[in-house]
Amino acid sequence: MSHITAEPYNYELPSNLSRLALVIVDMQRDFLEPGGFGEMLGNDVSQLQKIVPVVQQQQTTIRTYSLSINQTREGHRPDLYDCPISKKKRGKGKLTIDNQGPMGRILVLGEPCNAIIDPLAPLVKEMVISKPGKGAFYNTKLHRVLRSHKISHLIFTGVTTEVCVQSTMREANDRGYECLLVEDATESYFPEFKQSTLEMIRAQGGIVGWTATAEQVITGISAALSGK
Ligand code: TIU
């Protein structure tokens with residue numbers, strides 16, 4: 001059986017690798033560039049930039065092998081029908097969701113701030129799931145799409161580790177997916193929160209899933225595809 005070397009123990013790959021998908025969570029301008037939702041919440045968004053080349057490398061590798069990629073994007077309908085009042089009130093900054101920022105209406109679908117950052121732009125054939133919540137399964141078609149493609153294994157990257165990535169992994173774990181988080185392809189505005197999240201995920205025998213480095217993921221998948 002092929003595997004990725006991981007924590008707390010090896011992550012077994014499916015015998016048919018078409019059952020594995022890369023999930024790129026919320027690598028959108030709203031979180032990575034000044035003037036979006038992340039900065040509005042009081043964060044230093046430059047913290048997240050360092051993972052861009054690593055996520056890009058995972059994306060390129062998975063594309064090279066013609067495996068599935070699903071990106072997610074947190075945002076609300078222009079009429080804000082799907083935005084709870086409680087969420088709109090958070091942050092206490094000068095601006096809030098829907099206000100006009102330098103990149104358009106903050107956290108609103110279709111606005112420039114809501115786009116996936118250029119280096120990770122999806123191909124036309126790649127799925128982008130717009131999500132109103134932190135978890136990508138809440139109020140979206142993600143589970144239906146993954147099931148219809150018989151996906152059982154999810155490799156997670158993206159931001160932020162302890163908010164949307166962890167929420168989505170927990171939702172996926174409860175739905176029966178085998179989940180692995182790529183340690184150096186996820187980031188938080190708070191390094192200590194990222195570290196704690198990695199530990200929480202792999203604690204108790206992998207209660208939410210596995211963690212591995214980007215290199216371990218690529219090595220494991222490449223070996224599986226070459227039959228080693
Ligand atoms: N604030 C924060 O850390 N994250 C979010 O609001 N959304 C995501 O994590 N994508």
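**Loop with Pro8.** I started with Pro8, which sits in the loop between strand E1 (3-4) and strand E2 (11-12). This is a predicted model, and I kept that in mind for every entry here. I looked up the peptide bond from Glu7 to Pro8 and found it cis, with omega near 5°.

**Another cis bond.** Next I went to Thr160, in the loop between strand E8 (153-159) and H6. The bond leading into Thr160 from Val159 is cis too, with omega near -20°. I noted that Val159 and Thr160 are both among the residues around the ligand, so I moved there.

**Ligand shell.** Which residues are around the ligand? I listed Asp26, Phe31, Phe37, Leu41, Glu74, Lys134, Val159, Thr160, Val163, Cys164 and Tyr189. Sorted by type, the shell gives 7 nonpolar, 1 polar and 3 charged residues.

**Polar contacts to the ligand.** I checked Asp26, and a polar atom of its side chain lies 2.7 Å from a nitrogen atom of the ligand. Val159 uses its backbone instead: a polar atom there is 3.2 Å from a ligand nitrogen. For Thr160 I found a polar side-chain atom 2.8 Å from an oxygen atom of the ligand. How much of the ligand does the protein bury? Taken alone the ligand exposes 290 Å², and the protein buries 93% of that.

**H6 against H7.** Past Thr160 I followed helix H6 (residues 161-174) and compared it with helix H7 (residues 191-206). Their axes come within 10 Å and cross at roughly 15°. Angles under 35 degrees count as roughly parallel, so I wrote H6 and H7 down as roughly parallel to each other. I also looked up the handedness, and H6 passes H7 in a right-handed crossing.

**Ser66.** Last, I turned to the loop between helix H3 (52-64) and strand E4 (68-74), where Ser66 is found. Is its phi positive or negative? I read a positive phi of about 55° for Ser66, although this residue is not a glycine.

Conventions
Residues are numbered from 1 along each chain as its sequence is written. This is a predicted model: local features need pLDDT of at least 70, side-chain atom pairs count only at pLDDT 80 or more; totals for chains, interfaces and linings use all residues. Side-chain values use heavy atoms; hydrogens and water are left out. A residue is near a molecule or strand if one of its heavy atoms lies within 4 Å of it. A polar contact is a pair of N or O atoms within 3.5 Å; within protein, one must be able to donate a hydrogen and the other to accept it, and residues adjacent in sequence count only if both atoms are side-chain atoms. Accessible areas come from the Shrake-Rupley method with a 1.4 Å probe; for residues, only the protein chains shown count as cover. Ala, Val, Leu, Ile, Met, Phe, Trp, Tyr, Cys and Pro count as nonpolar, Asp, Glu, Lys and Arg as charged, and the others, Gly among them, as polar. Axes are lines fitted to C-alpha atoms, for helices over the stretch in contact, and angles run from 0 to 180 degrees between N-to-C directions. Helices (H or I, at least four residues) and strands (E, at least two) are DSSP runs, numbered from the N terminus. Angles under 35 degrees count as roughly parallel, over 145 as roughly antiparallel, 65 to 115 as roughly perpendicular and the rest as oblique. A crossing is left-handed if the near helix is turned anticlockwise from the far one by less than a right angle, and right-handed if clockwise.
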